Amino acid sequence: MRNAAREAALNIIFAKQFNSDCMDALKKKIYKQFALDNDDDLLFATDLVATVEEHYEELINGIEDSCHHYRADRINPTDKSILLIAMAEIKYFDDIPPVVSVSEATGLAKKYSTETSADFVNGVLSGVINK
């Protein structure tokens with residue numbers, strides 16, 4: 001399922017904020033942990049992570065613009081990782097409707113972040129898709 005692929009991508013992107021060493025080994029371990037044996041799910045997760053890595057600066061700038069120039073380094077690392085995933089989906093995955101990306105990101109924030117994170121993530125991404 002794409003939910004598991006998004007969760008795996010979240011773990012990888014979150015970890016990369018703190019340590020970019022051994023990422024290949026970590027990616028393999030996380031993909032296995034989330035049981036991404038299905039080729040479609042594994043491909044989706046790897047594409048998502050690669051898209052965030054490739055367009056990182058652009059995605060961060062988009063997040064900062066939507067936060068009214070609130071610097072990304074002040075955003076909770078989990079929330080930032082969730083926002084990066086959703087922004088990548090909105091900008092580069094044409095087969096995913098933006099509202100689905102926002103909904104999935106809000107769900108990840110509820111599961112993995114703080115009590116107020118879901119509202120924050122929803123607000124930032126709503127600003128992005130309503131531009």
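pLDDT is the predictor's confidence in each residue, from 0 to 100. Welcome to a few exercises on this predicted model, where local features need pLDDT of at least 70, side-chain atom pairs count only at pLDDT 80 or more, and totals for chains, interfaces and linings use all residues. Residues are numbered from 1 along each chain as its sequence is written, and side-chain values use heavy atoms, leaving out hydrogens and water.

**Exercise 1: confidence**

Find which elements have the lowest and the highest mean pLDDT.

Step 1. Begin with the whole protein: its mean pLDDT is 92, and 99% of its residues reach 70 or more.

Step 2. Now go element by element, where helices (H or I, at least four residues) and strands (E, at least two) are DSSP runs numbered from the N terminus. The lowest mean, 90, belongs to α2, and the highest, 97, to α5.

**Exercise 2: the core**

Work out which residues have the most contacts inside the largest nonpolar core, and which elements build that core.

Step 1. Recall that a nonpolar core is a set of buried Ala, Val, Leu, Ile, Met, Phe, Trp, Tyr and Cys residues joined through side-chain atoms within 4.5 Å. Buried means under 20% relative accessible area, exposed over 50%, and partly exposed in between (1.4 Å probe, protein chains only).

Step 2. The largest such core has 41 residues, and Ile63 and Leu125 have the most contacts inside it. Two or more residues come from each of α1 (2–16), α2 (23–33), α3 (39–54), α4 (56–66), α5 (77–92), α6 (98–112) and α7 (117–129). The largest share, 8 residues, is that of α5.

Step 3. Take Leu125 and set aside its neighbours within four places in sequence: Leu125 is then in contact (heavy atoms within 4.5 Å) with Leu83, Ala86, Met87, Ile90, Val102 and Ala105.

**Exercise 3: two helices with a buried face**

Compute the spans of α7 and α6, then say where their buried residues lie.

Step 1. The expected span is 1.5 Å times one less than the number of residues. For the 13 residues of α7 this gives 18 Å, in agreement with end C-alpha atoms 18 Å apart. α6, with 15 residues, reaches 21 Å from first C-alpha to last, close to the 21 Å expected.

Step 2. Buried in α7 are Ser117, Ala118, Val121, Val124, Leu125 and Val128. Down the axis of α7, these residues fall within an arc of 140° (taken from the directions from the helix axis to the C-beta atoms), so they line one face of the helix. They pack against α4, α5 and α6.

Step 3. In α6 the buried residues are Ser101, Val102, Ala105, Thr106, Leu108 and Ala109. Their arc is 160°, so they too line one face of their helix. Their cover includes α1, α5 and α7, while the face turned away from the buried side carries the exposed Val99, Lys110 and Lys111.

**Exercise 4: an aromatic pair**

Classify the pair formed by Phe44 and Phe93.

Step 1. Rings of Phe, Tyr and Trp (its six-membered ring) pair if their centres lie within 6.5 Å; planes under 30 degrees apart count as stacked, over 60 as edge-to-face and the rest as tilted. The count here is 2 pairs.

Step 2. For Phe44 and Phe93 the centres are 5.7 Å apart and the planes at 75°, so the pair is edge-to-face. Phe44 sits in helix α3 and Phe93 in the loop between α5 and α6, 49 residues apart. Phe44 and Phe93 are both buried.
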